[in-house]
Amino acid sequence: QNDENLKKFFETKSDKELIFFKEDIFSKPTIEAIKRYNGVAYEMLDFINLNKKAQEYILNNVLIFSNLFGPIMAKDLIPFYKFKQGKKIDNFNIEKFYKENFSSSIDNLLKDELVIDLRAKFYEKFYTLKQ
């Protein structure tokens, strides 16, 4: 890919940021997924200001649907990345891929659990909640 296509894909105009994205993201520093994301639900949760017991519960019990990594746990360590919701990679259907490859594992994980679904509507394409 040429740099202009990559800038468009990563939605950046910065050459410095482009260099970051051209490198192996798996060699970059990581943090827990729950700390990586933002948005209304994350802001309302205010994870950083919760007590340790509440933080531990969230780290071990919250499932997050990532545009790049698919379904991950709040405690999973992930690097910084930019991959907007609904972004396409050529003809590859990300939503279908995650649904077909992870649904049975998520079913097993959530079996007999109380589920509070705070996903954006878009992520319902990744997984259909059974309970």
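The exercises below, each with a worked solution, explore the interior, one helix and the open spaces of a predicted model.

**Exercise 1. The nonpolar core**

Find how many residues make up the largest nonpolar core, and which elements give two or more residues to this core.

Solution. Begin with the size: the largest nonpolar core holds 23 residues, and those with the most contacts inside it are Ile34, Tyr37, Ile64, Phe69, Ile72, Ile78 and Phe126. Next, turn to the elements, where helix H3 (33-36), helix H5 (52-61), strand E2 (63-66) and helix H6 (94-110) each give two or more residues to this core. Among the contributions, the largest share is that of H6, with four residues. As a last step, take Ile78 as an example: apart from its neighbours within four places in sequence, Ile78 is in contact with Pro29, Thr30, Ile31, Ala33, Arg36, Tyr37, Phe69 and Ile72. As background, nonpolar side chains tend to be buried together in soluble globular proteins.

**Exercise 2. The two sides of helix H5**

Determine which residues of H5 are buried, and explain why they can be said to line one face of the helix.

Solution. First, pick out the buried residues of H5, which are Gln55, Ile58 and Leu59. Looking down the axis of H5, one finds these buried residues within an arc of 100 degrees, and therefore they line one face of the helix. Then consider the other side of H5, where Lys53 and Tyr57 are exposed. Finally, ask what the buried residues of H5 pack against: their partners are strand E1 (30-32), H3, helix H4 (40-45) and strand E3 (70-73).

**Exercise 3. Gln55**

Decide whether Gln55 counts as buried or exposed, and list what Gln55 touches beyond residues up to four places away in sequence.

Solution. Start by placing Gln55, which lies in helix H5. The relative accessibility of Gln55 is 10%, and buried means under 20%, so Gln55 counts as buried. For the contacts, leave out residues up to four places away in sequence, and Gln55 is then found to touch Phe47, Ile48, Asn49 and Leu50.

**Exercise 4. The enclosed cavity**

State how many cavities of 30 Å³ or more the structure holds, and describe the lining of the largest cavity by residue and by class.

Solution. The structure holds one cavity of 30 Å³ or more, and the volume of the largest cavity is about 30 Å³. The residues that line the largest cavity are Asn67, Phe83, Gly86, Lys87, Ile94, Glu95, Phe122 and Phe126. Sorting this lining by class gives four nonpolar, two polar and two charged residues.

**Exercise 5. The two largest pockets**

Describe the volume and the lining of the largest pocket, and then do likewise for the second largest pocket.

Solution. For the largest pocket, the space amounts to about 1,500 Å³, and 39 residues line this pocket, with Tyr42, Val62, Leu63, Ile64 and Phe65 nearest its centre. Two or more lining residues come from each of H3, H4, H5, E2 and H6. By class, the lining of the largest pocket divides into 26 nonpolar, seven polar and six charged residues.

The second largest pocket has a volume of about 220 Å³, and its lining includes Leu6, Phe9, Phe10, Phe21, Lys22 and Ile25. Helix H1 (3-10) and helix H2 (15-22) are the elements that give two or more residues to this lining, and H1 supplies the largest share, three residues. The class count for the second largest pocket is nine nonpolar, no polar and two charged residues.

Note on methods:
Residues are numbered from 1 along each chain as its sequence is written. This is a predicted model: local features need pLDDT of at least 70, side-chain atom pairs count only at pLDDT 80 or more; totals for chains, interfaces and linings use all residues. Side-chain values use heavy atoms; hydrogens and water are left out. A nonpolar core is a set of buried Ala, Val, Leu, Ile, Met, Phe, Trp, Tyr and Cys residues joined through side-chain atoms within 4.5 Å. Buried means under 20% relative accessible area, exposed over 50%, partly exposed in between (1.4 Å probe, protein chains only). Contact means heavy atoms within 4.5 Å. On a 1 Å grid over the protein atoms alone, a cavity is a set of points where a 1.4 Å probe fits but cannot get out, and a pocket is an open set with protein on both sides within 12 Å along at least five of seven lines; lining residues have an atom within 4 Å of a point. Grid points are joined across faces, edges and corners, and a volume is the space filled by probe spheres set on the points. Ala, Val, Leu, Ile, Met, Phe, Trp, Tyr, Cys and Pro count as nonpolar, Asp, Glu, Lys and Arg as charged, and the others, Gly among them, as polar. The arc is that of the directions from the helix axis to the C-beta atoms.
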